[in-house]
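Work through the exercises below with the model open. Each task is followed by its solution.

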Amino acid sequence: MRLILLGPPGAGKGTQAARLVEKYGIPQLSTGDMLRAAVAAGTPTGLKAKAVMEAGDLVSDEIVNQIVSDRISEPDCAAGFILDGYPRTLAQADAVEAMMADKAITLDAVVELIVDDKALVGRIMKRAEDAKAAGQPVRKDDTPEVFDERLRAYYKSTAPLTGYYYAKRQLKTVDGMLSIDGVTAEINAVLDAG
Ligand code: AMP
């Protein structure tokens, strides 16, 4: 199973990806997590990405495409993977299509989580509170100010992917306003329907 999870920041992509990992036994490839790891490790990529991420902007296509290309070539991706937070631009969508064509593999579906804008900022704030309460580090971009920028970047660069995948007949939309279990059930239903 090779899947793309689409949706704005706070839509629940990470939460649902974790459940799909359990169900299909394939890895979740979150470019956000990979970039945060690069920032924490102080790699050259991390050094380039840090300020951009903290401002809520998108890291360059060149950087993220390279990260994904390397990652999907690893053995644990042989049976499939869930792309979470990638692609985020039309150029990235073209790039991942080319990567997959190169490997003679195909995408099974693109699942878009639809969530009201008003609910998103609340979810992001809750994530920050939960992390703090659990003694975990709070993401620097989980603030209302940076969230505004992230949402702007989403509408400007990522929202056009809906039409892109719709035209390819790969798009499946799910009501992301349901409970976590409700969203999981809808995702399972659209994937099982093929
Ligand atoms: P996320 O964890 O998916 O919310 O991503 C956190 C931040 O990492 C984003 O706000 C971007 O700055 C950066 N990022 C993650 N994935 C991508 C991507 N596919 N393209 C560009 N920037 C990305």
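The exercises concern the ligand site and the pockets of this predicted model.

**Exercise 1.** Find which residues around the ligand come nearest, and give the shell by class.

Solution. Start with the 16 residues around the ligand: Thr31, Arg36, Asp57, Gly85 and Gln92 come nearest. Next, sort the shell by class, which gives 6 nonpolar, 4 polar and 6 charged residues. Then assign the shell to elements: helix α2 (residues 31-41) gives the largest share, 4 residues.

**Exercise 2.** Find the distances from side chains of Arg36, Arg139 and Arg150 to oxygen atoms of the ligand.

Solution. Take Arg36 to begin with: a polar side-chain atom is 2.9 Å from a ligand oxygen. For Arg139 the corresponding distance is 3.1 Å. For Arg150, an N or O atom of the side chain lies 3.4 Å from an oxygen atom of the ligand. Each pair is a polar contact because the cut-off is 3.5 Å. As for cover, the ligand on its own has 480 Å² of accessible area, and the protein covers 96% of this.

**Exercise 3.** Describe the largest pocket and the second largest pocket by volume and lining.

Solution. The largest pocket has a volume of about 990 Å³. Its lining has 43 residues, with Gly10, Lys13, Arg127, Arg139 and Arg150 closest to the centre. By class, this lining holds 15 nonpolar, 15 polar and 13 charged residues. The ligand takes up space that is this largest pocket.

The second largest pocket holds about 380 Å³ of space. Among its 15 lining residues, Arg36, Val138, Arg139, Lys140 and Asp141 are closest to the centre. The lining divides into 6 nonpolar, 1 polar and 8 charged residues.

Definitions and conventions:
Residues numbered from 1 in each chain as written. Predicted model: local features only at pLDDT ≥ 70, side-chain atom pairs only at ≥ 80, totals over all residues. Heavy atoms only, no water. Near = heavy atom within 4 Å. Polar contact = N/O pair within 3.5 Å; in protein donor to acceptor, adjacent residues only side chain to side chain. Areas by Shrake-Rupley, 256 points an atom, 1.4 Å probe, with all protein chains shown as cover. 1 Å grid on protein atoms, 1.4 Å probe; cavity = no way out; pocket = protein on both sides within 12 Å on 5 of 7 lines; lining within 4 Å. Sits in = over half its atoms within 2 Å of the grid points. Helix = DSSP H or I, 4+ residues; strand = E, 2+ residues; numbered from the N terminus. Nonpolar A, V, L, I, M, F, W, Y, C, P; charged D, E, K, R; others polar. Points joined across faces, edges and corners; volume = space filled by probe spheres on them.
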